[in-house]
Amino acid sequence: MDLRKIEFHIGDVCRPSLVATTVAGAPKSWSWQSFGPGRQVMKLVNLFLDFDTADGVEVTITLNRSGLCPTWNTFFRGAYAIFNSDMKCCPRGDLAQP
């Protein structure tokens, strides 16, 4: 499976806490989508990773230590979804703290 997009569910007030993201060591921009209270999503889009480069790719998310959501447990709301180039949702699951 290739990798086109990753979505993370985050806390309602956590947007300002995100400082930077990288995918495979390269800086990557992000976007947001709101589905109502308690349903905020941070997206990493246009990844365009093929089967070989997607396998084991490292995603790094840097949070502001003095922000409202400075830690893994305060920023993330536990769920993620991965999409392929057909934009079909593939694996979904719960995040485990690294």
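A residue is called buried under 20% relative accessible area, exposed over 50% and partly exposed in between, with a 1.4 Å probe and protein chains only. The model is predicted, so local features need pLDDT (the predictor's confidence in each residue, from 0 to 100) of at least 70 and side-chain atom pairs count only at pLDDT 80 or more, whereas totals for chains, interfaces and linings use all residues. Residues are numbered from 1 along each chain as its sequence is written, and side-chain values use heavy atoms, leaving out hydrogens and water.

Q: Which strand has the lowest mean pLDDT among the elements of the protein chain?
A: The chain as a whole has a mean pLDDT of 88, with 89% of its residues at 70 or more. Where pLDDT is low, predicted coordinates should not be read in detail. Among the elements, β2 has the highest mean, 96, while the lowest, 66, belongs to residues 89-94, that is, to strand β8.

Q: What is the strand order of the open sheet of 3 strands?
A: Strands here are DSSP runs of E of at least two residues, numbered from the N terminus, and two of them pair if DSSP finds at least two bridges between them. β2 (residues 18-23) and β3 are joined in the antiparallel sense by 2 bridges, and threonine 22 has proline 27 of β3 as its bridge partner. The pairing in this open sheet is antiparallel, and its order is β3-β2-β6.

Q: Why is one side of β3 and of β6 left without a neighbour in the sheet?
A: Strands of a sheet pair through backbone hydrogen bonds, either parallel or antiparallel. In the order β3-β2-β6, β3 (26-27) and β6 (59-63) stand at the edges, so one side of each lacks a neighbour because each has a single partner strand.

Q: How many bridges pair β1 with β5?
A: Strand β5 (residues 40-44) runs antiparallel to β4 (residues 31-34), to which 4 bridges join it, and serine 34 stands opposite glutamine 40 there. β5 also faces β1, where isoleucine 6 is opposite leucine 44. The pairing of β1 with β5 is likewise antiparallel, and the number of its bridges is 5.

Q: What is the relative accessible area of valine 41?
A: Valine 41 is found in β5, a strand with 5 of its 5 residues buried. Val41 and Lys43 point one way from β5, and Gln40, Met42 and Leu44 the other. Valine 41 is itself buried, its relative accessible area being 1%.

Q: Which residue's side chain is joined to that of glutamate 7 by a polar contact of 3.0 Å?
A: Glutamate 7 lies in β1 (residues 5-10) and is buried at 12% relative accessible area. Contacts (heavy atoms within 4.5 Å) beyond four places in sequence link glutamate 7 to residues including Val41, Lys43 and Tyr80. The charged end of another β1 residue sits over the ring of phenylalanine 83, 4.3 Å from its centre, and the side chain of that residue makes the 3.0 Å polar contact with glutamate 7: lysine 5.

Q: Which aromatic residue counts as buried at 7% relative accessibility?
A: Phe8, Trp72, Phe75 and Phe76 form one aromatic cluster. Tryptophan 72, at 24% relative accessibility, counts as partly exposed. The residue at 7%, which counts as buried, is phenylalanine 76.

How values were computed. Rings of Phe, Tyr and Trp (its six-membered ring) pair if their centres lie within 6.5 Å; planes under 30 degrees apart count as stacked, over 60 as edge-to-face and the rest as tilted. A charge sits over a ring if NZ of Lys or CZ of Arg is within 6 Å of the ring centre and within 35 degrees of the ring normal. A polar contact is a pair of N or O atoms within 3.5 Å; within protein, one must be able to donate a hydrogen and the other to accept it, and residues adjacent in sequence count only if both atoms are side-chain atoms.
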